[in-house]
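Trainee: I'm new to reading structures and get lost when I try to see everything at once. Could you pick one part of this model, look at it closely with me, and then work outwards from there?

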Amino acid sequence: MRSKTFIAVAAVLLVLLVAAGGVYAYDSSREDRIADGVTIAGVDVGGLSASQARSKVHAEVAGPLRRPVVARYRHHRYTLTPKTSRVTVDVDSSVRAAVERSRDGGIFSRTVRGLTGGDVEAEVDPSVDYDARGVSRLVDRVRSGLDREPVDARVDFAGGTVDRVASHEGMQVRSGTLRRQVTEALVSPTGTRHVRIRVRHVDPDVTTGELAKHYPTVVMVNRGAFQLSLYKHLKLEKSYPVAVGQIGLETPAGRYTIQNKAENPVWNVPNSAWAGSLAGTAVPPGPSNPLKARWMGIYNGAGIHGTDSIGSLGSAASHGCVRMAIPDVIDLYDRVDVGTPVYVL
């Protein structure tokens, strides 16, 4: 009886040893084989040996990553080449990681899984490296090509008329977004290699529609036409005939402002040769004072004033000032303030 029991136990042990040896041999034969259900960057490598997986990953992962990344904005196109980006994929480490995931679990569970066709649901992210300086250079090129500063609307008085110069919207590339988009495209073998450049539009400080309110009152003196024009919100309100400086004592051209105003002003005579004995004196209002009714100083002793020499209007006759008929200068005086811009052309 004992002998039969011993033989039975021995037989069972022998079967178990043989089975264990078979399990070990089966598991060892698959130690570099990747389990079904394992992918690398979305590429199915299940059932492949390590060498087969490396070949497939080189072709289907590393290959696509060597294509250029193209950033576009309308008709503008900027390319980041593989040479500049220096993209590399560590295929060997990715395959090793896939094999390691395939070896999860004990020897018996691996054997049962292999014999029954079970899967290991595992996604391995490949190790992708690139030169960030190449991405930065691309972003800099895009900004250089697309960024533009906004242009404020302005008024050009140079032609003797009010010419409105339109404003222009500015634009800025969303650099952080572009950098992130390019990087994502660079390291993704399955994603698109085309990136849409996103921009931010920048409004000017002064738009064309707002221009008039920045010029509530403007005085323009056209020396060649012997005319002073008054504009309100860039619309011509009134024009007056004037006299301007004679040759050698010309009314100075440029942009000025009304610096001071006075009714029935005192004439502070310049220390100039043409003033003769009056040079450096102060002449009070009266018949001998050529500054009649009103005074609006604009620059270094030059100004706009009334005159009773109305025959000089329409000519270059003054010593540098702008002369107006007395009713006209009184009218203008009440329409302008200190600080009003004066353009002398």
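Mentor: Happy to! In this predicted model, let's start at Thr307, whose bridge partner in strand E23 is Ala325. Thr307 is the last residue of strand E21, which covers 302-307. E21 and E23 run parallel to each other, and four bridges hold the pairing. E23 itself is made of residues 322-325.

Now look at another pairing of E23. Strand E15 is joined to E23 by two bridges, and here the two strands run antiparallel. In this pairing, Ala243 is the residue opposite Arg323. E23 therefore pairs in the parallel sense with E21 and in the antiparallel sense with E15.

Next, follow the side chains of E23. In a regular strand, side chains alternate between the two faces of the sheet. Here, Val322 and Met324 point one way, while Arg323 and Ala325 point the other way. Which of these four are buried? All of them are, Arg323 included.

From here, let's use E15 and E21 as paths outwards, with charged side chains as our guide. Side chains of opposite charge can pair when their charged atoms come close. By the rule used here, the model has eight salt bridges, and we can visit a few of them.

Begin with E15, which spans residues 235-245 and contains Lys238. Lys238 forms a salt bridge with Asp331, and their closest N and O atoms are 3.2 Å apart. Asp331 belongs to helix H8 (residues 326-333), so to speak on the far side of a long stretch of sequence: the two residues are 93 residues apart, and the pair links distant parts of the chain. Are these partners buried or exposed? They sit in the class between: Asp331 is partly exposed at 21% relative accessibility, and Lys238 is partly exposed at 32%. Asp331 does not count as buried because buried means under 20%.

Now take the path from E21. Just after this strand, in the loop between E21 and strand E22 (316-318), you find Asp308. Asp308 pairs with Lys292 in a salt bridge whose closest N and O atoms are 3.9 Å apart. Lys292 lies in strand E20 (residues 292-299), so this salt bridge ties together parts of the chain that are 16 residues apart in sequence. The two ends have unlike surroundings: Lys292 is buried, with a relative accessible area of 11%, whereas Asp308 is exposed at 51%. Lys238 and Asp331 come back here too, since salt bridges with shared partners join them with Glu237 and Arg335 into one network.

For a third salt bridge, move to an earlier part of the chain. Asp131 and Arg86 form a salt bridge, with their closest N and O atoms 3.9 Å apart. Asp131 is in the loop between strand E7 (128-129) and helix H6 (132-146), and Arg86 is in the loop between helix H3 (82-85) and strand E5 (88-89). The two residues are 45 residues apart, so this pair also links distant parts of the chain. Asp131 is buried at 11% relative accessible area, and Arg86 is exposed at 53%.

A last stop in this earlier part is helix H2, residues 50-65. At 1.5 Å a residue, the 16 residues of H2 should span 22 Å, and its end C-alpha atoms are 21 Å apart, which agrees. Even so, H2 has a kink of about 35°, centred on His58. The buried residues of H2 include Val57, Val61 and Leu65. What do the buried residues of H2 pack against? Among their partners are strands E1 and E2, and helices H4 and H7.

E1 and E2 bring us to a sheet you can compare with our starting strand. Three strands form this open sheet, in the order E2-E1-E6, and the pairing is mixed. Its edge strands are E2 (43-44) and E6 (122-124), each pairing on one side only. E1 and E2 are antiparallel, over two bridges, and Val43 in E2 is the bridge partner of Ile40. Helix H4 (residues 91-102) packs on this sheet and touches E1 and E6, with its direction at about 165° to that of E6.

Key. Residues numbered from 1 in each chain as written. Predicted model: local features only at pLDDT ≥ 70, side-chain atom pairs only at ≥ 80, totals over all residues. Heavy atoms only, no water. Contact = heavy atoms within 4.5 Å. Axes fitted to C-alpha atoms, helices over the stretch in contact; angles between N-to-C directions. Salt bridge = Lys/Arg side-chain N within 4 Å of Asp/Glu carboxyl O. Buried < 20%, exposed > 50% of the residue type's maximum accessible area, 1.4 Å probe, protein only. Expected span 1.5 Å × (residues − 1). Bend = angle between axes of the 7 residues up to and from the residue.
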